[in-house]
Structure formats: structure tokens, C-alpha cells
Amino acid sequence: MLYSSIIITGLVCALIALFAWNNRAERGAIAFMVLMLGVMIWSLGYAQELHSTDLPTKIPWAKAEYIGIVIVPVAWLAFALQYTEHDRWATHRRLALLAIPSLLTLALVWTNEAHGLIWSSISLVPGRLFMGWQATYGAGFWLFMAYAYTLLLIGTLLLLRVAIQRPSLYRGQAGALLAGSLIPWLGNLIDNIGLSPLPGLELAPFAFMITGLTFTWALTRWRLFDIVPVARDRVIERMRDGVIVLDAQDRVVDINPAACRIIEWERASAIGRPILPILGQQTSAIERLIDANEADEQIAINLAGQQRVFQVRISPLSERRGALGGRLVILSDITKLKQAEQDLIEARMVAEAANDAKGTFLATMSHEIRTPMNGVLGMADLLLESDLSGPQQELAQMIYTSGNQLMRMINTILDFSKIEAGQLELDAQPFALRTCVESSLDIVAAAAAEKGLELSYQIAPGTPTMIVQDQTRLRQILANLLNNAVKFTQRGEVELRVGREGIREGVAFADTLAFAVRDTGIGIPSDRIGRLFRSFSQVDTATARTYGGTGLGLAISKLLVEAMGGAMSVESAAGEGSTFSFSIMAPPAQGVAPSAYEAATPELQGRRALIVDDSKMIRLSLAAQLDAWGMRPTAVESGPAAIKLLREGASFDLAIIEAQMAEMSGMDLAGVIRQIRPVSPLPIILLGALGATPPVTSDPTTAQLSKPIKFTRLHACMARMLSAQTQPEPVVDQPERPAANKADQRASLRILMAEDNLINQQLITKMLGRMSYKADIVTNGREAIEAMRQKDYDLVLMDVQMPEMDGLEATRAIRAMRVGARQPWIIAVTAGSVEGDREACFAAGMNDFIAKPVEQQILARALARCQGADSPQEQASVAAEEQPQTVAARPAPPSLDRAVLQELSSTLGDQGDSLLASLIRTFIEGANSLQASAREALGRGDSPTLRRAMHTLKSNASTFGAQPLAALCRELEQRSAAGDLEDVGAALDAVATEFARVREALEAL
């Protein structure tokens, strides 16, 4: 029976070790398992020793017991260290050091016969139930016992300390562990004082078995190995958030002080109770969440008389086998965060209201400022064309010049205000990059020529020729930077470079273009660069006094660049010039054919060109462009250097020479070249400064181009000269522009002007009079409607902002009033500059749009568009349709406005006819594609795509003077913007029919 009980003790210890192994991921579980394995070995060895009846058999089993005996104290201390969170002392290295005395003792036990340090003598002791033995122990035994009891004592003291300091929830567990740890001490005490019920029987294995059972009960009773964190008192206790741990039956297993304050319960009272009864007045707020395994919501709780907002997060807690063991509830007080969020919402609403007010103010000021300036500039212009004496002419010119400067300043400030108010919208459309760059250079060309500055540009090879972006805004940025460069440069050069952004960290910025404007001007001190992009700020007051300006140009340019998806920077040093760089997102235009001059052509391919210019910048720019065209350029810096090359036998097909060089002029060099090559004259292109008197020459192989060099003209000029070197340069005949209409036809056009400003009334009346037109005048929208009832007007010049009824409302009323009758042509005349004004006018039913200040040429073109779209005679035929008589079919209005085409051809400059033909081909191809895209969009019900297609076709049609086609596209654009796709198929058929007329007219040119 005794033998069986000791065997059962060993097996119980084995089961406890297995339980610890199953929870080996938890704190202290491995050490506890090793402890129980040691007791198991001790017990099983002791059982075999008691079962033996002679010393030779007992001694080996007694030695086997020591394998478990030496494990117990080290494992005991390791468990105590880990359970009490002294992990820094329970490292593998330190535990190995602690095990060294135990291993030495085990070695002494198994070699005791050689030295007798563990026991010196041993004898049998007969007992009533078993045959025991007793020994005389040596020094090695007592040293190990002292060491073992020291480790056991340290572990017990650690558990005692935890039992005292732990919160109430953990005191039961720690107390049970402490009680279990005292059992081996009690058994040892009984043995030492001779009170053992069975003399000769060691109680230690039994005591450690009882300790193991006690530990197991303590650890499972409070579920240390499942969901309660050991570090609770160091983390959860100090958390500001409320933490509640629930078991599977929704009972409170743990709760921290913050949660106690929220539910207004003491911890000792809450532990073990179901959660809902203890919530009290907070039950209604939390009850709906309690049954959820997971939740993350906000609730409002009345805490100490104050309304508080809490974020409630509920998470499931799994047992070691994966089953749901409980839930973790965290209550975070977010009252301040919600208040801050509410404050932000209110602040945003205030900011939006302020922004709306700012936009309204901007629109009002735009109108109020531009209206009187319109009168000032208009009257000054009329005054300049009247008979004035010399001093009067000079004074009038000063008024006009000053007014223009003031208007530019006003436009700059209004632009800045629009951007600041969020009113800026980019109009991204395909356009030719080189055309935009060259037109920007044109703006500053006169000022650069006046100062004698070299002005050039270079577009790097591989740069897209056609891009998609807001051309007007890009030109505004370039013009501002170029204007600053010219303004602050007294001598030297200004260069514009364009190219792709490049590759960074392996990523190609295919849609990013980089621009750089470099000058050799006064430069900027390094400590003043930071002021450049501030609003109304310049480098210093001296600069502002000397050069003038508002200090807004760079600030606006930087904002525009950022709106285009890029960034702007500057590199400069005082006296060394400046380089302003910026990048924008500008993807290549798809489906748009580049201009012919962008690529190599047979006329230029492989041709050798001599470049002579004393400006290194010009030489590099020209050489790079000629190389891109497939030519073979050679550049030298002076006339003598060029002469030396020619006399050494160098052969060239063409020479490009700067006309004004310091050492030898271009004409002088051309004369020497003619002497060197008298038989086969070398074609020569002379480059002169803008505004300079061109040298007089009758040589047909010599041409003149002005700086800054426009590569479109240079390409055409070289191609022409190289293809026919002996023929003189052809003169492009510009056909005389036909008058808009005869005087009697103009007099028959019935015009109504709705304008409340007296000065504008007089100004526009005088402009109309100079073109042989007359107009009736009303001062507001109501009067305009009444006038339309009394007289059948052909044209209405409608101001947008007027008292009593504005122009938009009046236009809608007129359109509604004349449904089924002949509609007048209504032109919006407005000083509004906010994005969307034009669209609002067209949406109201207006046919055209001109901005104040009104210029004579712009007004004339608007009148021409009106008459081209619907002449008075045609309008009369429509009115006649109302009579009960048979009339001839109404003749179709002209498909093209020839005046617009003439103006476009003139704008293209040299070779305008050939370039116009290329543009017409591109327009026709693009129009076919746009119509196909529109029909596909209609089939899908895709209003935005249909609107974009019609918007683009409308813009292109207007460029070529196809106003009827543009009007049809505009109507479709407005309908698709409103989502009205009813009968759009028939409208697209009308567009196709009108486009066929336009195409036929264009191909007949």
C-alpha cells in the first residue's frame, strides 16, 4: 500500500507537469513543469528504494532519487522569479550557473564510494511496513542541503512579498502559492524533530506533491494561464482608460480603478458579479454592446453630473484551446477629443462661410473695379484717335499707359484673390508646348531687345511636343519669370530651358515637365531668398523702389505651379544671376499629331550648318535644336573663327549668323563668305535683335529672322532655302480682310445695349458708332425685357451685373418669352473674372461672351460672329415663316468666318498658310475622333465624357471660325452637363451634318 501511494505521487506529479506543458506559453509554466518532473523522479526513485530489501539494491535507487532532488531547488527558484516578474534574473545563463552546484552534487552522489563526501556509512533499519536505511552524511551532503534550502527560502520570500503587495484579486492566488511553498518546510520540520508517523520514511516527496497540487489549484482557480495578465498591476492599474475583464458568463473577473470610477463601484464589490447589475445608470448606454463579442462605438455617459463621451471597444479573449474565455472591455474618455472635433467643424463652417464671402467680395470687386477702368481706358483710347495737339497727345498717352499699368496690377491682385479664395480652376487642354514657350518669350522680347539682352530657349530632346495642361496659366507663369529676369538683368542673357523631370530612385516622371529660367542679373542674397514667394513681399525696399511691382508675381506663380501638381525653387547669389526652376504635371497629348517642324525632315536631314554667335547660350541652344532635327551643326563664337574654318576647307550647307557681333558684324561676315564661295553661294540666315533695322540686301540666298529665335520660323526658313537655294524667299500674300459688312447692312442691324454704367454706355456707343452701328440703351434687365416686347432686336449687348434684374435672369426671361419665335443673339459684356462666369452666361442662354474693359477689336469680332451665325436677312426669313404663305427654305448660315481664319493665318507668321493647312488636317482628324467618342459615351449614358468631347470640339471649331458648329456643340455641352440626354442622338446627327459643311469649306481653302 505504501509503495503504491508513492507511485501514485509520482504519477500525479507527471500529470501536473503535463498540465504545465500544455500552458508552456504562459509566464512561469516551463519552470513549474521542470519542478514537477523533478518531484516525479524523486518519488518514483524513492518508491523503488523502499521496495528493495537489501543495501546493494537500495543504494542505486537512492542515487537515482538525487536526479530529482537536485532539480527541485533550482526549478523552484526559477518559477518564483518568473511568477514575480523578475525575468531579468531568470535568464538562461544565470539559471545554468545556479544548476552547477546541483550537478556537482549529483556527480558526488554517483561516485560516493570513492570519497564518501555524501555519506560515509549506511545501514538497514527494519520497519513495521518496510525496510528502511540510515546513513552518516558527509560534508558534500550538508553543503548541498544548505544551498538547496537557500534557493527554496529565496523563492518562498519572493512569493511572500507578492502575496502582501499584490491587489486583492491576486492575493488569493499568491496566498495559495505561498501556502503550497511552506508544505515542504513543514514536512522537513516533522522529520527533524522525530514526529514522523512512519520512522525512516521521508515526507519530502509527499510534501512537494501536495505543493504541486496546491499550485495547480491556485493557478487554475484564478485562471492565470487563460486571460488575466500577470503584469496587471504595472500596466492596467495605471491606465487612464477603464478596463473590465469579463468571463464567459459576463461576470467581472478584473477591473481597474479608472473603470471603477466610471461605473461608480468599488473593485472588491464588483469582482465576481455579473456586469449588467453593477452598471447602474449607465446600463442603458452600454447594455446593447455587452452581448457583442466585438464592438467599437461611442457612447455618452453622465458622470458626476457631467456628460462625458466614451469610446467603447470590446474584444474577445480566447482560452488556451481557442474557445471563448471572456471579453475585454475598454472605456476611453474622448470627451475632449469630441469637443475639439466639434470646434474644428464649427471652425471649418466659419472658414467656409468666410471663403464664400471672400468669393462674393471678389466677384463684386472684380466688377466694381473693372467697370470704371473700362471707362478710363476706353475713353483714353478714343481720345488718342482724335485730333490733339502734341502736348495733349502726350498727356492722353500717359493716361492710357498708366491705366494699363493699373489694370495689370488689378488683374494680378484679383488673380491672387481668386487663388486664395479657392476660385481657381485649371482648364487642361492639349496644346503645342513650343508655341506656348515662344509666345511667352514674345511678351518680354521688346524689353530684352531694348536692354541688349540675349533671349533664348531650349527644349530638351525627348520632351513631348503636345501636352495637356492649362496653357493660359503656364504662359502666365513663364511670362512672370521671364519678365522678372529681364527686369533685374542689365547686361548678359536670359535663357529658358524645358525638359522632362527625369528619373528619381528608379521611378520615371513621364508626365512631369521641368522649366528653368536663368539670367545673369543682379542676383539675390542668400538671406533674402526666403522672402521671394511671400505675398506682397520683395527682396528689400531698395529693390521695390528701383524696379517697382506688387510683390505678388512670384507668389501667384508658385501657387499656380502647385495647383498644376508641381513645385517651384530658386538658386541665386548676389551679383551672379538667378535660376528659377519649377515643375508641373503635363502628360503628353494623346491622338494629337505634332507639328511638322518638331521632327527631322528630308530637307534638313544630314545637312551641315555653321552657327556663328558670340553668345554661348545662343550657340548651345541652336546646336541642340539643329541636332534634334537631324542636322550636323558646328558652332563658333566669332566671324574670324568662322572664316578660318571655311578657308581650311570646311564645307557647310547653311550658315546661321548673329547680325550684331562685336568683332565682326553679320553682314561683313556674309560678304567674306560670298568671296570664299563665289560659285555656289552658301545660304545665310541673319539673326537680328527685335526692332533693329534689318540690313538691306538683295541677295536671294540671304534671309533675316529676329530674336528671340522662333524655331517654327527657323525650321520653315531653312527648309525653304535648302530646297531651292537659287530662288528668292517667297512673299506670303495676306489677302485683304473684307469689311465685316457694308455701312447700310450695319445700320440695319438692330442692337440693344443693357448697361447701367453711364461711362460704359458712352464708350460702347462710340465704339459701335465708329463701326457704323447704332444701339438703343436700357439700364437694367427689366427694361431690356420690356424693350424686347416693343421691338424685334437682332443683337443684345447684355451686362451681367445690373440693378433690379441682372443679365442672366433677363436672358432666361427673353429666351422663355420668345419660344417658337426668332431669338436675338445675346452677348454677355461683363467685368466678372471669377472662374465659371463664362459658363454661367452660356448656361443662361447667351450666345457669346466678352470681358471688360471692352476693346474695339474684340467687340468687332463679337459682332462679326453674330452676323456670321445669323444675318438680319436670315432672321427676317425666320420671322416670315410665321405668316400663312409659302416661303423659300431658309438659306444655311455660312459655315466659316473667313475673318477668323485670316487672323489665325496672320498669327502663325511666316509660312502661315502651310501651318494652317497642317492645323486644319489635325482639326478634322480630331473632330472625327471626338464625334465617335461622343456617340460611344451616349451609348453608355456617360454624360461627363460626352460633355468633355463637345467642349473640346466647340473650342476647336471656334478657333477656325466655325461658329454654327461651335453653337451646336455648346448646346450639347450644356445639356450633358445638366444630365439631359434626351434626343441627344438627333443633336449629334446635326453636329455631324454641320461638321460635314465645315470640312468641305476647309478643304476648299
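A cavity here is a set of points, on a 1 Å grid over the protein atoms alone, where a 1.4 Å probe fits but cannot get out. Grid points are joined across faces, edges and corners, and the space filled by probe spheres set on the points gives the volume.

This is a predicted model, where local features need pLDDT of at least 70, side-chain atom pairs count only at pLDDT 80 or more, and totals for chains, interfaces and linings use all residues. Residues are numbered from 1 along each chain as its sequence is written, and side-chain values use heavy atoms, with hydrogens and water left out.

**View 1. The second largest cavity and its lining.** Searching the whole structure turns up two cavities of 30 Å³ or more. The second largest has a volume of about 40 Å³. Around it sit Leu455, Ser456, Tyr457, Ile618, Ser621, Leu622, Pro708, Ile709 and Phe711, lining residues being those with an atom within 4 Å of a point. At least two of them come from each of strand 9 (454-459) and helix 20 (616-628); helices (H or I, at least four residues) and strands (E, at least two) are DSSP runs, numbered from the N terminus. Sorted by class, this lining has seven nonpolar, two polar and no charged residues.

**View 2. A nonpolar patch on the surface.** Leu15, Leu18, Trp21, Ile30 and Val34 make up this patch, with about 450 Å² of accessible area together. Helix 1 (2-22) and helix 2 (29-51) each give two or more residues, and helix 1 has the largest share, with three.

**View 3. Leu18 in close-up.** Leu18 belongs to helix 1. Its relative accessible area is 46%, so Leu18 counts as partly exposed (between buried, under 20%, and exposed, over 50%, with a 1.4 Å probe and protein chains only).

Notes: Patch = residues over 30% accessible without salt bridge, like charges linked within 9 Å, V, L, I, M, F, W, Y side chains within 5 Å. Areas by Shrake-Rupley, 256 points an atom, 1.4 Å probe, with all protein chains shown as cover. Salt bridge = Lys/Arg side-chain N within 4 Å of Asp/Glu carboxyl O. 1 Å grid on protein atoms, 1.4 Å probe; cavity = no way out; pocket = protein on both sides within 12 Å on 5 of 7 lines; lining within 4 Å. Nonpolar A, V, L, I, M, F, W, Y, C, P; charged D, E, K, R; others polar.
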